[in-house]
Amino acid sequence: TMLVGNAAGGTQYQDDCPAGQALIGFSGNALGPSTTLDTVNRQIAARCGVVQIVGTTVTIKPGATLPVRGMAGTMAWTRTCPADQVVVGFSGRSGSYVDQLVLICAPLTAASSAVGAALMPGGTTSLTAIGGNGGSAFAAIKCATGQVGAGSLVREGDFMDAFSIVCSKATIAP
């Protein structure tokens, strides 16, 4: 997806979920408000879930936690999609840093149980915002039709400079 925030700041990291897994949320830290700075995201780690299919029913179980990127803050947070849902997009606020993230989740459905059949995201749910009200709001950025979050792309320095999710087509593997 499109990278939001300062695309030239910090160091870039791309972390992908292992095969057979999709993004189910993130954990991290923010730095709380001060007299010169609103709450800003500082540290993040993607959380993946193992996608399981029985017939045409798709369930998600906890899977890998990817590396922690960035510096510790003062306010720990975790956002996880509802049961059996995956990350399909995000919205929020950004300026010089990623001030706020709102993860967008969706359940997956399988049209058939055949190998190679596509898993399609359903109706979406937005999670509670992470971070403060600095920067400018940006509209929802979602994976392309038929794709789900499969990793994260962040730029980290003293703060989370930029954020994006890596999307991938979800299909039933052999």
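The paragraphs below go through the disulfides, the largest pocket and two buried polar residues of this predicted model.

The chain holds three disulfides. Counted along the chain, the bonded cysteines pair in the pattern 1-2, 3-4, 5-6. A disulfide is a covalent bond between the sulfur atoms of two cysteines.

One of them is formed by Cys 17 and Cys 48, with 2.1 Å between the sulfur atoms. Cys 17 sits in the loop between strand E2 (11–16) and E3, while Cys 48 belongs to strand E4, so this bond ties together parts of the chain that are 31 residues apart in sequence. The torsion about the S-S bond of this pair is about -85°, and the disulfide is therefore left-handed. Both Cys 17 and Cys 48 are buried.

Another disulfide joins Cys 81 to Cys 105, with an S to S distance of 2.1 Å. Cys 81 lies in the loop between strand E7 (75–80) and strand E8 (85–94), and Cys 105 in strand E9 (residues 98–110); the bond links distant parts of the chain, 24 residues apart. With a torsion of about -80° about the S-S bond, the disulfide of Cys 81 and Cys 105 is left-handed. Cys 81 has a relative accessible area of 7% and is buried. Cys 105 also counts as buried, because its relative accessibility is 0%.

Cys 143 and Cys 167 form a disulfide as well, their sulfur atoms lying 2.1 Å apart. Here the loop between strand E13 (136–142) and E14 supplies Cys 143 and strand E15 supplies Cys 167, so parts 24 residues apart in sequence are tied together. The S-S torsion of Cys 143 and Cys 167 is about -75°, which makes this disulfide left-handed. Cys 143 is buried, at a relative accessible area of 12%.

The next topic is the largest pocket. Its space comes to about 300 Å³. Of the 16 residues that line this pocket, Gly 20, Gln 21, Val 51, Ala 170 and Thr 171 are the closest to its centre. Strand E3 (21–31), E4, strand E14 (147–156) and strand E15 (160–169) are the elements that each give two or more residues to the lining. By class, the lining has eleven nonpolar residues, four polar and one charged.

Gln 21, one of the lining residues closest to the pocket centre, is placed in strand E3. Why does Gln 21 count as buried? Its relative accessible area is 18%, and the cut-off for buried is under 20%. Gln 21 and Gly 49 are 28 residues apart in sequence, yet their C-alpha atoms are 5.2 Å apart. Beyond its neighbours within four places in sequence, Gln 21 is in contact with Cys 48, Gly 49, Val 50, Val 51, Gly 63 and Ala 64. Cys 48 in this list is the disulfide partner of Cys 17. Towards Ala 64 there is also a polar contact, in which the side chain of Gln 21 reaches the backbone nitrogen at 2.9 Å.

The other polar residue is Asn 41, in strand E4 (residues 40–54). Asn 41 is buried, with a relative accessible area of 0%. Which backbone oxygens lie 3.4 Å from the side chain of Asn 41? One belongs to Asp 99, and another to Ile 130. Asp 99 and Ile 130 are also among the residues that Asn 41 touches, not counting residues up to four places away in sequence; the list further includes Asn 29, Ala 30, Trp 77, Leu 101, Phe 159 and Met 160.

Definitions and conventions
Residues numbered from 1 in each chain as written. Predicted model: local features only at pLDDT ≥ 70, side-chain atom pairs only at ≥ 80, totals over all residues. Heavy atoms only, no water. Helix = DSSP H or I, 4+ residues; strand = E, 2+ residues; numbered from the N terminus. Buried < 20%, exposed > 50% of the residue type's maximum accessible area, 1.4 Å probe, protein only. Polar contact = N/O pair within 3.5 Å; in protein donor to acceptor, adjacent residues only side chain to side chain. Contact = heavy atoms within 4.5 Å. 1 Å grid on protein atoms, 1.4 Å probe; cavity = no way out; pocket = protein on both sides within 12 Å on 5 of 7 lines; lining within 4 Å. Points joined across faces, edges and corners; volume = space filled by probe spheres on them. Nonpolar A, V, L, I, M, F, W, Y, C, P; charged D, E, K, R; others polar. Disulfide = S-S within 2.5 Å.
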